[in-house]
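Reader: I am new to this structure and would like to go through it by question and answer. Please show it to me before we begin.

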Amino acid sequence: MKINGIQGSLAEAKCDVLIINLFKGVITPGGATGAVDKALDGLISSYVIKKEKFEGELNKTYVLPTYGKLPADKVVIVGLGESEKFDLNKIREVTATAYRKAQELKAKKVCTILHGAGIGGLNPEDCAQSIAEGAVIASYKFDKYKSKKDDKNTNIEEFSIVELDKDKIEQLNKGIEKGKTIADGVNFARDLVNEPACELTPAKLAQTAQSLQGISCKIIEKNEAQKLGMGAFLSVAKGSSEPPKFIHMTYKPKNAKAKIAIIGKGLTFDSGGLDLKPRGSMVTMKDDMSGSAAVVGVMSVLPKLKPDVEIHAIVAACENMPGCSAYKPGDVLTAMNKKTIEVDNTDAEGRLTLADAICYANTLKVDKIIDIATLTGACVVALGRFASGIVGNNQDLVDDLINAGNEGGERLWQLPLYEEYFGSLKSDIADFKHAGSREGGAQVAGIFLSKFAEDTPWAHIDIAGPAWLDKNVKEMPKGATGAGVRTLINYILDL
Ligand code: BES
Ligand code: MN
Ligand code: ZN
C-alpha cells in the first residue's frame with residue numbers, strides 16, 4: 001500500500017472513499033468536514049446529524065454517497081468521540097476503523113483528512129504519524145496458508161492524507177514515514193508470531209534475525225552456550241528435537257549516547273514440558289515467542305529510524321517439549337552467573353531462558369536491560385488483554401517505559417516487586433526454586449528475574465495478555481498483535 005500526504009482541497013480529491021470526521025455533539029461541522037457538508041448541500045448537518053442522529057460517537061461510522069457532487073465516490077464519516085478525550089491514540093484507532101470500513105466498501109484509493117490538527121489542536125506531524133500507524137496496522141492480514149484468499153475486503157492500494165496548506169506537506173510526509181516504519185515493525189513481529197511453530201522453529205527465528213539489513217547478528221549454538229554456562233536455558237531445550245539458538249543482534253550507530261539490551265522470550269512453542277499444559281492452554285502457545293518477535297520487529301526498523309543508541313537484542317530461542325531427554329521437576333540447574341536453580345514446574349520455562357539471557361546481557365556491560373515476555377498466566381488474570389504488566393528494579397526506567405507505551409497506544413501497568421515474593425522460591429537443595437507460588441505469580445516471576453539482573457537497571461514487561469487477541473480490539477485485528485514493538489521503539493527514540 002502506498003501511503004502519502006498530498007496537497008489539495010477535498011473538492012479535488014479523486015478517490016473511492018473520502019474519510020472525514022465528527023466530534024461527539026457537533027451539530028454544525030466546521031473545518032474539512034464542514035467543507036464537505038457544504039459541497040453536499042448540507043446533507044451531513046441537515047440529514048446525517050439531525051435526522052439520522054449520527055452523533056460522532058467514537059468509532060461509529062456513517063457512509064454517504066456523493067452523487068457526483070465531489071470527485072470522491074463515497075464519504076465515510078468517522079466519529080471521534082468527546083473532544084476532551086481526544087488524543088493521538090484515538091487518531092490511530094479511528095483511522096483503523098475508517099480503513100476497515102473503506103475496505104468493506106471495496107475502495108482501492110482512499111483519501112483522509114488530517115484528523116486532530118483542526119479543532120483537535122494537535123501537532124500535524126504527530127497526527128500524520130498516528131494516521132499512518134493506524135492504516136498500516138489495520139491493513140495487516142496473515143493469509144499465506146489460505147489457498148483461496150478472502151476477497152470480502154479489498155486491498156487498498158493508495159491511502160493519502162489530503163491537506164490544503166502547502167507548508168504542512170513536508171511535516172505530514174515526515175510523520176507518515178515515521179508512522180509507517182513503526183507499523184512495519186509491528187507487522188513484522190505479527191508475521192513471526194502468526195507463523196505456526198512447525199515453520200517458525202528456533203533455527204528459522206535465528207535465520208530471520210541474521211537476514212535483517214543494517215543489523216549484525218551472532219548465533220550462539222548449543223556447544224558454545226554450554227561453554228558459556230547457560231545451564232538454565234539449555235535445560236529447557238532438552239525435551240525438543242529442535243536445536244536451541246541463542247541469538248544476539250546488534251545495532252551500533254557512531255557516537256551512541258547509551259547502550260541498551262532488549263531481551264525477548266523466544267519459546268517457539270511451549271507445551272509445558274513434562275508438566276504438560278491442558279489442551280485449552282496449549283492451543284495458542286506458538287505465541288510464546290511474542291517477546292522475541294517484538295525485539296526482532298524493533299531491530300528490523302532501527303536502521304531506518306536511526307536512533308543514536310546502541311541496541312543489543314537478545315533471544316534465547318528454544319522449544320519446551322516433553323521429549324525423552326526433557327528436563328524434570330527436581331532437577332538442579334546452574335545458570336550462567338553460577339546460581340543454582342531447583343526445577344519445580346517445567347512449565348515455568350520462560351524465566352529460565354530469560355535468566356541466562358539477562359546474565360549474558362550483563363557481560364556486555366549495557367546501561368540498562370529490558371526484557372519482554374509472554375511470561376505468566378497470572379499476569380493475564382490480573383490485567384486481562386488490555387495492559388501488559390511491568391516490574392523493575394529502577395523506577396525511572398519503569399516510568400520511562402510506561403510513558404513510551406502510552407505514546408504508542410500500548411498500556412503498561414506496574415506491579416509491585418516486594419522482596420516477600422521471593423519467599424515461595426526457597427529451595428532445600430539449591431540457591432532457589434524457579435516457579436513458586438501461584439499467588440502473585442507475575443510478581444514471583446519478576447522477583448526471580450531480578451536476581452539475575454543484579455545491579456543493572458532492569459525492567460521486565462509481561463505481554464502474556466496483549467500479545468494475542470481472539471477478537472478485534474481498537475486498531476488491532478485478532479491474532480498476533482506485535483505487542484511491545486511500539487513501546488520499545490518509542491522508548492529508544494525518546495532516550
Ligand atoms: N507461556 C506461559 C505463560 C502464558 C500463559 C502466556 C497464557 C500466554 C498466555 C508460561 O511459560 C507459563 O506456562 N507460565 C506458567 C507459570 C507457572 C507454572 C508458575 C503459568 O502462568 O501458568
Ligand atoms: Mn510455560
Ligand atoms: Zn512459556
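Reader: Which residues do ring pairs link into a cluster?

Author: This is a predicted model, and what follows is computed from it. A search of the whole structure finds 11 aromatic pairs. Among the residues concerned, ring pairs join four into one cluster: Phe 422, Phe 432, Phe 448 and Phe 452.

Reader: Which of the two residues Phe 23 and Phe 86 lies in a strand, and how many residues apart in sequence are the parts that the pair ties together?

Author: The aromatic pair of Phe 23 and Phe 86 is edge-to-face, with 5.1 Å from centre to centre and 85° between the planes. Phe 23 lies in strand β2 (residues 17-23), whereas Phe 86 sits in the loop between β4 (74-81) and α3 (88-104), so the parts tied together are 63 residues apart.

Reader: Are Phe 23 and Phe 86 buried or exposed?

Author: Buried means under 20% relative accessible area. Phe 23 has 6% and falls under that limit. Phe 86, with 9%, does too, and is likewise buried.

Reader: How are the rings of Phe 422 and Phe 432 arranged?

Author: Planes over 60 degrees apart count as edge-to-face. The planes of Phe 422 and Phe 432 are at 65°, with the ring centres 5.4 Å apart, so this pair is edge-to-face.

Reader: Where do Phe 422 and Phe 432 lie?

Author: Phe 432 counts as buried, at 5% relative accessibility. The pair ties together parts that are 10 residues apart in sequence, because Phe 422 is in the loop between β16 (412-414) and β17 (432-433) and Phe 432 is in strand β17.

Reader: Which residue lies over the face of Phe 422?

Author: Phe 422 belongs to the cluster linked by ring pairs. A residue lies over the face of its ring, at 4.4 Å from the ring centre: Lys 451.

Reader: In what order do the strands of the sheet with β17 come?

Author: The sheet is open and its pairing is mixed. β12 (332-334) and β17 are the edge strands, each pairing on one side only. β13 and β17 run parallel and are joined by two bridges, and Glu 342 has Lys 433 in β17 as its bridge partner. The order of the three strands is β12-β13-β17.

Reader: Which residues coordinate the zinc ion (ligand 3)?

Author: The donors lie at 2.0 to 2.4 Å. In sequence, the donor residues are spaced K-x4-D-x17-D-x60-E. They are Lys 265 (NZ), Asp 270 (OD), Asp 288 (OD) and Glu 349 (OE).

Reader: What is the arrangement of the donor atoms around the zinc ion (ligand 3)?

Author: There are six donor atoms around the zinc ion (ligand 3). They subtend angles of 77 to 174°, so the arrangement is octahedral.

Reader: Are Lys 265 and Glu 349 buried or exposed?

Author: Lys 265 has 2% relative accessibility and counts as buried. Glu 349 has 0% and also counts as buried.

Reader: Which residue coordinates both the zinc ion (ligand 3) and the manganese ion (ligand 2)?

Author: The zinc ion (ligand 3) and the manganese ion (ligand 2) are 3.2 Å apart. One residue coordinates both ions, and this residue is buried, with a relative accessible area of 3%. The residue is Asp 270.

Reader: What is the arrangement around the manganese ion (ligand 2)?

Author: The protein donors are Asp 270 (OD), Asp 347 (O), Asp 347 (OD) and Glu 349 (OE), lying 2.0 to 2.2 Å from the ion. The six donor atoms subtend angles of 72 to 168°, which makes the arrangement irregular.

Reader: Is Asp 347 buried or partly exposed?

Author: The limit for buried is under 20% relative accessible area, and over 50% would be exposed. Asp 347 has 23%, so this residue counts as partly exposed.

Reader: In what order do the strands of the sheet with β1 and β3 come?

Author: This open sheet has six strands in mixed pairing. β1 (2-7) and β3 are the edge strands, each pairing on one side only. The order is β1-β6-β5-β2-β4-β3.

Reader: Which side chains of strand β3 (residues 61-65) are buried?

Author: The side chains alternate along β3. Thr 61, Val 63 and Pro 65 point to one face and are not buried, while those on the other face are: Tyr 62 and Leu 64.

Reader: Which residue in β4 does Tyr 62 stand opposite?

Author: β3 and β4 run antiparallel and are joined by five bridges. In β4, the residue opposite Tyr 62 is Ile 77.

Key. Residues are numbered from 1 along each chain as its sequence is written. Chains are lettered from A and ligands numbered from 1 in the order in which they are written. This is a predicted model: local features need pLDDT of at least 70, side-chain atom pairs count only at pLDDT 80 or more; totals for chains, interfaces and linings use all residues. Side-chain values use heavy atoms; hydrogens and water are left out. Donors are N, O and S atoms within 2.8 Å of the metal (3.2 Å for Na, K and Ca); water is not among the atoms, so sites may look incomplete. Four donors count as tetrahedral if all angles lie between 85 and 135 degrees; four count as square planar and six as octahedral if opposite donors are over 155 degrees apart and all others between 65 and 115; anything else is irregular. Buried means under 20% relative accessible area, exposed over 50%, partly exposed in between (1.4 Å probe, protein chains only). Rings of Phe, Tyr and Trp (its six-membered ring) pair if their centres lie within 6.5 Å; planes under 30 degrees apart count as stacked, over 60 as edge-to-face and the rest as tilted. Helices (H or I, at least four residues) and strands (E, at least two) are DSSP runs, numbered from the N terminus. A charge sits over a ring if NZ of Lys or CZ of Arg is within 6 Å of the ring centre and within 35 degrees of the ring normal. Two strands pair if DSSP finds at least two bridges between them.
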